[in-house]
Amino acid sequence: MAFTLINHKMVSAQVFPGRRILSQRGAMLGYTGEVTFRPNLMGGQGGVMSMIGRRVANEDTPLMTVEGHGTVMFGHGGHHVHVIDLAGDTLYVEADRLLAFEDSLQQSTMFMGQQGGLMGVVRGQVSGQGLFTTQLSGKGAVAVMAHGGVVELPISPGLPVHVDPQAYVAHRGQVTNKLSSALGWRDMIGRGSGEAFQLELSGHGMVYVQASEVKL
């Protein structure tokens, strides 16, 4: 495992020639050894709707490449940290909740509401949750952040899971997502929680949900 939990809000990782870590900017808490940090702005590869959505939200995913030889401690904002190990599968992490990951993983960007077209982008903005996800594939470890801790909910065929978009952290598996409104446009003015919007995940896999609706 690349990441070692120090406590529920901090992890450490060893870097050495052949192993680099990519982390959210500002996530480094301390390090020992000869370690360097350089900016690595991740470009979106999630298609036209993803790019439009990112322009609307004015969001990017600023990452730092961490390399050298030593041990680095990561954490951010006092949020809970959850470590997920990938063994050749794909994980989708809400962009703001990605803390750090091994560079052995292939990365790209996707907008979770893209299946709803441009309206999905609009709904994502009205809900107060952009739902821009970093897609990570391959073998390696990922550290994600959550407000109040994380619960893992299984997704089974015929048993979709509905999640408040602001509580969504990540998901993995053969999963289809759909962002929808549970209320009419007149009723949802001023409402950004799951009572107005729902993220439906169906198929077979796992969704990671934080214990609070607070947006990171």
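Hi everyone, this is a short tour of the cores and salt bridges in the structure above.

It is a predicted model, where local features need pLDDT of at least 70, side-chain atom pairs count only at pLDDT 80 or more, and totals for chains, interfaces and linings use all residues. Residues are numbered from 1 along each chain as its sequence is written, and side-chain values use heavy atoms, leaving out hydrogens and water.

Let's start inside. The largest nonpolar core (buried Ala, Val, Leu, Ile, Met, Phe, Trp, Tyr and Cys residues joined through side-chain atoms within 4.5 Å; buried means under 20% relative accessible area, exposed over 50%, partly exposed in between, with a 1.4 Å probe and protein chains only) has 18 residues. Among those with the most contacts inside this core are Phe-3, Ile-21 and Phe-74. A second, separate core has 16 residues, including Leu-22 and Ala-170.

Now, the charges. The whole structure holds 6 salt bridges, meaning a side-chain nitrogen of Lys or Arg within 4 Å of a carboxyl oxygen of Asp or Glu. Which residue does Asp-89 meet in a salt bridge? Its partner is Arg-172, at 2.6 Å, N to O. That pair links distant parts of the chain, 83 residues apart. Asp-89 is partly exposed at 26%, whereas Arg-172 counts as buried because its relative accessibility is 17%.

Glu-67 also pairs with Arg-20, with the closest N and O atoms 4.0 Å apart. Those two belong to a salt-bridge network together with Arg-38 and Asp-103.

Finally, Arg-97 and Glu-94 form a salt bridge at 3.2 Å, N to O, and both residues are buried. Thanks, everyone!

How values were computed:
Helices (H or I, at least four residues) and strands (E, at least two) are DSSP runs, numbered from the N terminus.
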